[in-house]
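Q: Please take a close look at the ligand and what surrounds it. Then follow the charged side chains from there.

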Amino acid sequence: MERKRWYKDMVFYQIWPRSFKDGNGDGVGDLLGVLEKLDYIKSLGMDGIWFSPLYPSPGIDCGYDISDYMDIDPAYGGMEAFKKVLDGAHARGMKVIMDLVVNHTSDEHEWFQKSRQRIEPYTDYYIWRPAKPGGKLPNNWDSMFEGKAWEWDPVRGEYYLHVFAIKQPDLNMDNPLVREEVKKILRFWLDLGVDGFREDVITFISKKEGLPNDYIFPVSRGIRHYNHGPRIHEYLSEFRRDVFDHYDCMTMAEAPLVSTKRALEYIEEKEDSEIDLMIQFETMCADCLFTDYIHTPFSLRKLKRTWSNWQNKLDGKAWNMLYLENHDHPRIISRYGSEKFCTESGKMLAAAYLFQKGTPFVYQGQEIGMTNWYPADPELYEDVQTRWQYAHNALHKSSEKRLQRLWYGSRDSARTPVQWSDAENAGFSTGTPWFYVNENYRAINAAQQEQDPDSLLQFYRKAIALRKTLPVVRDGGYREFKKLSGKFYVYARETAGEKLLVICSFADRPVNFKAPKEFDLASGALILANYKDTDVQKNGFTAQPYEVRVYHWK
Ligand code: NOJ
């Protein structure tokens, strides 16, 4: 089937279901809640929804530990509720993409239960190894979440590999039967009408033969031997050829530690490209090293380098996936913006990425400027990775320092319930919410921002609508200016007949801005701004804290 690449004209909304909206009052977000909010999502200008996992799951990694791939968790309303949401989204002209998590399953999945008992054909569905002499682990790899990457299974009398949590055993993708299972799952959902998949850590699915030791490296030892592994392209091509090519659908790969060069191996636009879009992590590392837990001061230059790198290197070859937030990273205003200038910096950050070339994704709550939370008690954190980090890493530091590390690095910062209104529990649930509600909900909530024409929410609507009416945003070239500035991010989008200049101040105080000579601000139309005073003098202006302006010429 010819690829339509319809995602290029779209903006997507990501729903992390547990915290989106509780429709039945049990304290957990669900599909009834999503149904209630479909009009809201559409009103933002969204063309599609990516659902983080909705499948039955013990929930140790909030659904990324799946125990049944062909059903919807009853806690979310089951299959009936899902079909209603799917129909409701389609009726509103929105696509729906699901999360495909096949690097690992839950240890409660039937396959694992049978594999540990060596029941055929499941014996080799997972990566099992005997203990080395002296009961030693099969190799020195680390788990991303909990200690070592190997767990002893007394039933089978062998170790199994888990790159993530202990309860998330890695599938053995080298086994053709496992790949057939994956194809069955894909066909099941595509036949049901879903429009594509976001593929969870899909670049991890092929492990190097012999599972060799990795050298001593402080983060994720082993990753060199399973990220972009030896047979990854073979497997992804197989899924493409046997399944995706027969459906009108899109695929988006999550790819930790991926360079633009490497990304092009997967997403370069060709008849047989394996994947359509790639979730890279580089643009999320402007205030950390490799991972959110190794916090460093925010560097605008680093951020700009990575943004421009992806814009330039993919240009004309592949399509960018643009994002500022998802369920794995703390909130962006608290990181790259300013909680003090919450609305201003939220708007600036929105424009900074929404006018780049690519398909933008907006994560639930981002559009109203939800921020991080700063609990005094580490016990309040739910996330498996966060809890491990606190209990085991950086033990030499004071408990206060370790807690602060969580404030800046924990994924839970993005997982507090969406703040719908200033009613009890932020209008998220009439019951007791499963998770802490950020107490700033009285100041930051959707209902209040609906009423305020100058709110961040309305700014998102306006920016998304503009994106769609200006062909230059979809098709134009990208050019960055003032690359060395530690205060401004400035970029142009250009076609032969149209120009756009996006000026973003990342400074928390007034700073002077002078436009590049070839852009005469006085003759351009100011189509988006976050301050009322928009005077221009001598082709420049004094930019207020986190000011953004978008000029247009035609
Ligand atoms: C990436 C997902 O986004 C994250 O939430 C999850 O914990 C890991 N993969 C493991 O599935």
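A: Start with the yardstick. A polar contact is a pair of N or O atoms within 3.5 Å; within protein, one atom must be able to donate a hydrogen and the other to accept it, and residues adjacent in sequence count only if both atoms are side-chain atoms. The model is predicted, so local features need pLDDT of at least 70 and side-chain atom pairs pLDDT 80 or more, while totals for chains, interfaces and linings use all residues. Residues are numbered from 1 along each chain as its sequence is written, and side-chain values use heavy atoms, leaving out hydrogens and water.

Now the ligand. An N or O atom in the side chain of Asp328 lies 2.4 Å from a ligand oxygen. For His327, the corresponding distance to an oxygen atom of the ligand is 2.8 Å. His104 places a polar side-chain atom 2.9 Å from a ligand oxygen. On its own, the ligand has 300 Å² of accessible area, and the protein covers 97% of it (Shrake-Rupley method, 1.4 Å probe).

Other residues surround the ligand too, including Tyr64, Phe145, Phe164, Arg198, Asp200 and Glu254 (a heavy atom within 4 Å). The space that the ligand takes is the largest pocket. A pocket here is an open set of points on a 1 Å grid over the protein atoms alone, where a 1.4 Å probe fits, with protein on both sides within 12 Å along at least five of seven lines. A molecule sits in one if more than half of its atoms lie within 2 Å of its grid points.

Two of these neighbours pair up. Arg198 and Asp200 form a salt bridge, with their closest N and O atoms 2.8 Å apart (Lys or Arg side-chain nitrogen within 4 Å of an Asp or Glu carboxyl oxygen). Both Arg198 and Asp200 are buried (under 20% relative accessible area; exposed is over 50%, partly exposed in between; 1.4 Å probe, protein chains only).

The whole structure holds 47 salt bridges. One of them joins Asp107 and Lys167, at 2.8 Å from N to O. Asp107 sits in the loop between β3 (95-100) and α4 (110-116), and Lys167 in the loop between β6 (158-161) and α5 (176-192), so the pair ties together parts 60 residues apart in sequence. Asp107 is buried at 14% relative accessibility. Lys167, at 24%, is partly exposed.

There is also a network of salt bridges. Arg179, Glu180, Lys183, Glu238, Arg241 and Asp242 are linked in it. Arg241 and Asp242 meet at 3.0 Å, N to O. Asp242 is partly exposed, with 24% relative accessibility.

Methods:
Helices (H or I, at least four residues) and strands (E, at least two) are DSSP runs, numbered from the N terminus. On a 1 Å grid over the protein atoms alone, a cavity is a set of points where a 1.4 Å probe fits but cannot get out, and a pocket is an open set with protein on both sides within 12 Å along at least five of seven lines; lining residues have an atom within 4 Å of a point.
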